[in-house]
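Q: Could you walk me through this structure and show how each label is earned?

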Amino acid sequence: MRAARRALDANQQRLAGQAIVNRLSHHPTLLRARHIGLYWPMDGEADVRGLVQRFPEKRFYLPVLPHAPHPQLRFVRWHGRALTYRNRYHIPEPVRGHSHPPEQLDLVLMPLVAFDPSGARLGMGAGFYDRTFAIQHLLPGAGPRLVGIAHQLQCVPRLPTDSWDIPLHGVVTESHSYRCR
Ligand SMILES: Nc1nc2c(c(=O)[nH]1)N(C=O)[C@@H](CNc1ccc(C(=O)N[C@@H](CCC(=O)O)C(=O)O)cc1)CN2
Ligand SMILES: Nc1ncnc2c1ncn2[C@@H]1O[C@H](COP(=O)(O)OP(=O)(O)OP(=O)(O)O)[C@@H](O)[C@H]1O
């Protein structure tokens, strides 16, 4: 999946990102949300950063890697400008800015490697998102809506899941919007 999404050329990437932003722009969950977790795309992930210009009245945050012993991602405010600092995976991160408690975000747009229509998500394998939103196992209605963002080619019929995986509420690709739970 990672090789397949990396193989998309710049034009396919641009079109996919625009199509997903357009879909999200009519998505009631996005329209209602005020504090939104976003991500800086890497490794062929769909680029939905255009949302920041599209919705200047909303507040967007980027994930910042935890330092031991804190197991959770932090979400730091991002205004859409260039970033210079890169984390250990070479992903840009804001170095200063207001951080919003993850469980108080309204919506988190989650990067993923593969997904299935039931809302199972395969990530990069470090468990950052699962640990950050683990509270949803205890309080299923609590915390942000979790919406996966992907290219349609990342959809598989059925993914195996582990007990700690947090299911997605929905997934949006350039051609489909899935409602999962
Ligand atoms: N854009 C984006 N940001 C994100 C994530 C993501 O999946 N996408 N993450 C989602 O959790 C977190 C970062 N998690 C990551 C986990 C592993 C690797 C990674 O590249 N692993 C390499 C080995 C890297 C190394 O150790 O040198 C690999 O698997 O090939 C990258 C990000 C937070 N930010
Ligand atoms: N709630 C949790 N508490 C403690 N450890 C956890 C929790 N959730 C996940 N983990 C740990 O994280 C590891 C990686 O999880 P997994 O392979 O599901 O990551 P992923 O969802 O693919 O990655 P990511 O969320 O970073 O994109 C697991 O082996 C597990 O030990």
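A: Gladly, beginning with pairing: two strands pair if DSSP finds at least two bridges between them. Helices (H or I, at least four residues) and strands (E, at least two) are DSSP runs, numbered from the N terminus. This is a predicted model, in which local features need pLDDT of at least 70 and side-chain atom pairs count only at pLDDT 80 or more, while totals for chains, interfaces and linings use all residues. Residues are numbered from 1 along each chain as its sequence is written, with chains lettered from A and ligands numbered from 1 in the order in which they are written.

Q: What is the order of the strands in the open sheet?
A: Its eight strands run S4-S3-S2-S1-S5-S8-S9-S10, with mixed pairing. The protein chain as a whole has six helices and 10 strands.

Q: Why is the protein chain called as compact as a globular protein of that length?
A: The radius of gyration, taken over C-alpha atoms, is set against the globule rule, 2.2 Å times the number of residues to the power 0.38. The chain comes to 15 Å, and the rule gives 16 Å for 181 residues; the values are close, so the label holds.

Q: What makes S4 and S10 edge strands?
A: Strand S4 (99-100) and strand S10 (177-179) each pair on one side only, so they count as edges by the pairing rule.

Q: In which sense do S9 and S10 pair?
A: Strand S9 (residues 170-172) and S10 are antiparallel, over three bridges; this meets the minimum of at least two, so they count as paired. Gly170 stands opposite Arg179 in S10.

Q: Why is Asp43 called partly exposed?
A: A residue is buried if 20 or more other C-beta atoms (placed from the backbone) lie within 10 Å of its own, exposed if 12 or fewer, and partly exposed in between. Asp43 has 14 within 10 Å, so it falls in between. Asp43 sits in the loop between strand S1 (35-37) and helix H4 (51-54), and its phi is near 55°, positive in a residue other than glycine.

Q: Is His90 buried or exposed?
A: His90 has 8 C-beta neighbours inside 10 Å, so it counts as exposed. This residue lies in the loop between S3 and S4, with a positive phi near 70°.

Q: Which peptide bond is cis?
A: The one joining Ala68 and Pro69, where omega is about 5°. Pro69 is in the loop between strand S2 (59-64) and strand S3 (74-78).
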